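Here's a quick walk through one model, starting at its ligand and then moving out to a handful of residues. Have a look at it first.

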Amino acid sequence: MKKHIFLIGFMGVGKTTVSQKLKALMNADEIDMDAVIVRENHMTISEMFERFGEDYFREKETELLRRIAWYKPTIVSCGGGCVMRKENVALMKACGTIVLLTAEPVTVYHRVKNGTARPVLNGHMNVKYIAGLMEKRRAAYEGACDMSVSTDGKRPAQIAEEILGQITRSKDYTEGGNML
Ligand code: S3P
């Protein structure tokens, strides 16, 4: 049953903020995967990358998605690299509608440039690198999603309303599968 809403997309597209708006609009449960992993492991994502490596973090993402499959209908803000594992996409597809948020590299740069919590961008905080990585991930993002919303120049509330509009027009919803 397609019960959850998964927000996917590159770092800085606004998944966490939009997820909060959707939670308020829909009066639904909401979780941020990165925040859960940080809380459960008592360390930041940067620390985890440093001490145990990226694969360790990726395994934590997969473990968490396996648990989320059993949760009641929830809005899930996913980490930007989550869809790079086929298993993760299969887990999400089996129990939710996958919504891709997009933004131009320059928009992402301005949103993330002052942050230090994203190890993937450490030492590469520039538009060229962001554009390159986004391009490498494009097929995975586009292949995974059921629908997509561009976020450039839009307010989070407007993006959340667009998502809701698309979901209520989608087959999952009209056929009664989406429980949110
Ligand atoms: C990552 C994105 C981050 C976080 C981790 C890795 C990525 O999440 O999961 O730093 O590989 O794109 P956000 O997309 O919420 O920044």
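## The ligand and its polar contacts

This is a predicted model, and a good place to start is Gly81: one of its backbone N or O atoms lies 3.2 Å from an oxygen atom of the ligand. How much of the ligand's area does the protein bury? On its own the ligand exposes 390 Å², and the protein buries 96% of that.

Gly80 joins in through its backbone too, with a polar atom 2.9 Å from a ligand oxygen. With Asp34 the side chain does the work: a polar atom there sits 2.7 Å from an oxygen atom of the ligand.

## The shell and the pocket

Now for the wider surroundings. The ligand has 13 residues around it, and the ones that come nearest are Lys15, Asp34, Arg58, Arg118 and Arg137. Sorted by class, that shell holds 5 charged, 5 nonpolar and 3 polar residues.

Where does the ligand sit? You'll find the ligand in the largest pocket.

## Buried spots: Thr151, Val99 and Met33

Thr151 belongs to the loop that runs between β5 (147-150) and α8 (156-169). Is Thr151 buried or exposed? Its relative accessible area is 0%, so Thr151 counts as buried, the cut-off being under 20%. The Thr151 side chain also has a polar atom 3.5 Å from the backbone oxygen of Val13.

Val99 is part of strand β4, which covers residues 96-102. Val99 is buried because its relative accessibility is 0%. Its C-alpha is 7.5 Å from that of Val149, though the two are 50 residues apart in sequence. Met33, for its part, is in helix α2. With 0% relative accessibility, Met33 is buried as well. From the C-alpha of Met33 to that of Ser19 is 11 Å, with the pair 14 residues apart along the chain.

## Two loop residues with positive phi

Asn27 and His42 are worth a look for their backbone angles. Asn27 has a phi near 50°, a positive value in a residue other than glycine. Which loop holds Asn27? The one between α1 (15-26) and β2 (29-32). A relative accessible area of 72% puts Asn27 over the 50% cut-off, so Asn27 is exposed.

For His42, phi is near 55°, again a positive value in a non-glycine residue. His42 lies in the loop between α2 (33-41) and α3 (45-52). His42 is exposed because its relative accessible area is 72%, with the cut-off for exposed being over 50%.

## Along helix α7

Two residues give a feel for helix α7, which spans residues 127-144. One is Glu135, which is placed in that helix. Is Glu135 buried, partly exposed or exposed? Its relative accessible area is 46%, so Glu135 is partly exposed, since that label covers values between the 20% and 50% cut-offs. The side chain of Glu135 makes a polar contact of 2.8 Å with the side chain of Arg138. Looking across to Pro105, the C-alpha atoms of Glu135 and Pro105 are 9.7 Å apart in space and the residues are 30 apart in sequence.

The other is Lys128, also in helix α7. Lys128 is exposed because its relative accessible area is 73%. Between Lys128 and Val106 there are 8.9 Å, C-alpha to C-alpha, and the two residues are 22 apart in sequence.

Terms used
Residues are numbered from 1 along each chain as its sequence is written. This is a predicted model: local features need pLDDT of at least 70, side-chain atom pairs count only at pLDDT 80 or more; totals for chains, interfaces and linings use all residues. Side-chain values use heavy atoms; hydrogens and water are left out. A residue is near a molecule or strand if one of its heavy atoms lies within 4 Å of it. A polar contact is a pair of N or O atoms within 3.5 Å; within protein, one must be able to donate a hydrogen and the other to accept it, and residues adjacent in sequence count only if both atoms are side-chain atoms. Accessible areas come from the Shrake-Rupley method with a 1.4 Å probe; for residues, only the protein chains shown count as cover. On a 1 Å grid over the protein atoms alone, a cavity is a set of points where a 1.4 Å probe fits but cannot get out, and a pocket is an open set with protein on both sides within 12 Å along at least five of seven lines; lining residues have an atom within 4 Å of a point. A molecule sits in a cavity or pocket if more than half of its atoms lie within 2 Å of its grid points. Ala, Val, Leu, Ile, Met, Phe, Trp, Tyr, Cys and Pro count as nonpolar, Asp, Glu, Lys and Arg as charged, and the others, Gly among them, as polar. Helices (H or I, at least four residues) and strands (E, at least two) are DSSP runs, numbered from the N terminus. Buried means under 20% relative accessible area, exposed over 50%, partly exposed in between (1.4 Å probe, protein chains only).
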